[in-house]
Amino acid sequence: MNWKSFALGVSVGILAGFAAKAVISSTTNVSPEKVLESVKDHFKQNGPISGSWIHMKAEPFEQHHVQYQVYKGGISKNNNGTTEQFEFIADASTGTLLDVRLLNEDRVS
């Protein structure tokens with residue numbers, strides 16, 4: 001075997017591996033568990049939380065004419081003896097929060 005052929009084969013294999021990793025990384029969603037941990041860490045900056053949940057399946061969402069795949073979830077916090085419930089929407093591909101809103105206490109589920 002020729003050393004030039006061997007070096008060329010190794011180089012092509014390494015480049016193909018990096019290319020495959022880039023393609024897979026760009027099409028893979030962040031896990032819902034990691035998104036929930038990130039959101040919880042964000043909310044914990046303003047005091048302890050009492051509960052949280054997240055849908056494990058990404059779903060389509062449109063904001064400002066841009067299409068996203070998102071995870072939806074919620075956070076509960078105690079604030080001066082009252083429970084506040086928040087609903088959030090996070091981008092499934094990056095984990096970035098797209099929307100957070102406070103739910104009304106008198107809202108019927």
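Two strands are paired if DSSP finds at least two bridges between them. That definition serves to introduce the strands of this structure, which is a predicted model.

Strand β3, residues 66-79, is a suitable place to begin. Strand β2 covers residues 59-63, and 5 bridges join β2 to β3 in an antiparallel arrangement. One of the partnerships can be named: Gln63 has Val66 in β3 as its bridge partner. The hairpin of β2 and β3 has 2 residues between the strands, and there His64 adopts a positive phi near 55°.

Strand β1, residues 49-54, also runs antiparallel to β3, and 5 bridges join these two strands. Here Gly51 stands opposite Ser76 in β3. A further antiparallel pairing, with 10 bridges, joins β3 to β4. Within this pairing, Val70 has Asp91 in β4 as its bridge partner. The hairpin of β3 and β4 likewise has 2 residues between the strands, and in this hairpin Asn80 takes a positive phi near 55°.

Ser76 deserves a closer look. This residue is found in strand β3. Its relative accessible area is 18%, and the limit for a buried residue is under 20%, so Ser76 counts as buried. Leaving aside residues up to four places away in sequence, Ser76 touches Ile49, Ser50 and Gly51, and also Thr83, Glu84 and Gln85. As a general point, the side chains in a regular strand alternate between the two faces of the sheet.

The salt bridges come next. How many salt bridges does the structure hold? There are 3. One of them is formed by Glu59 and Lys72, whose closest N and O atoms are 3.3 Å apart. This pair links distant parts of the chain, with Glu59 in strand β2 and Lys72 in strand β3, 13 residues apart. Glu59 is partly exposed, with a relative accessible area of 27%, and Lys72 is also partly exposed, at 28%.

A salt bridge also joins the side chains of Glu87 and Arg101, with a distance of 2.7 Å from N to O. Because Glu87 lies in strand β4 (residues 82-91) and Arg101 in strand β5 (residues 97-103), the pair ties together parts that are 14 residues apart in sequence. Glu87 has a relative accessible area of 26% and is partly exposed; Arg101, at 37%, counts as partly exposed as well.

The salt bridge between Lys40 and Glu37 has a different setting, within a helix. Their closest N and O atoms are 3.6 Å apart. Both residues lie in helix α2, residues 32-44, where they are 3 residues apart, about one turn of the helix. Are these two residues buried or exposed? Lys40 is buried, with a relative accessible area of 18%, whereas Glu37 counts as partly exposed at 40%.

Helix α2 also takes part in an aromatic contact. The structure holds 1 aromatic pair. The ring centres of Phe43 and Phe86 are 5.1 Å apart and the ring planes stand at 55°, so the pair is tilted. Phe43 belongs to helix α2 and Phe86 to strand β4, and the pair links these distant parts of the chain across 43 residues. Both Phe43 and Phe86 are buried.

Another residue to examine is Gly95, in the loop between β4 and β5. With a relative accessibility of 13%, Gly95 counts as buried. Its contacts, not counting residues up to four places away in sequence, are Val30, Val35 and Ala90. Gly95 and Val70 are 25 residues apart in sequence, and their C-alpha atoms are 8.5 Å apart in space.

The surface completes the account. Which residues make the nonpolar surface patch of about 590 Å²? Trp3, Phe6, Val10, Ile14 and Phe18 make this patch. Trp3 lies in helix α1, which covers residues 3-27. The relative accessibility of Trp3 is 69%, and exposed means over 50%, so Trp3 counts as exposed.

Terms used. Residues are numbered from 1 along each chain as its sequence is written. This is a predicted model: local features need pLDDT of at least 70, side-chain atom pairs count only at pLDDT 80 or more; totals for chains, interfaces and linings use all residues. Side-chain values use heavy atoms; hydrogens and water are left out. Patches are made of residues with over 30% relative accessible area and no salt bridge: like charges are joined within 9 Å, nonpolar side chains (Val, Leu, Ile, Met, Phe, Trp, Tyr) within 5 Å. Accessible areas come from the Shrake-Rupley method with a 1.4 Å probe; for residues, only the protein chains shown count as cover. A salt bridge is a side-chain nitrogen of Lys or Arg within 4 Å of a carboxyl oxygen of Asp or Glu. Helices (H or I, at least four residues) and strands (E, at least two) are DSSP runs, numbered from the N terminus. Buried means under 20% relative accessible area, exposed over 50%, partly exposed in between (1.4 Å probe, protein chains only). Rings of Phe, Tyr and Trp (its six-membered ring) pair if their centres lie within 6.5 Å; planes under 30 degrees apart count as stacked, over 60 as edge-to-face and the rest as tilted. Contact means heavy atoms within 4.5 Å.
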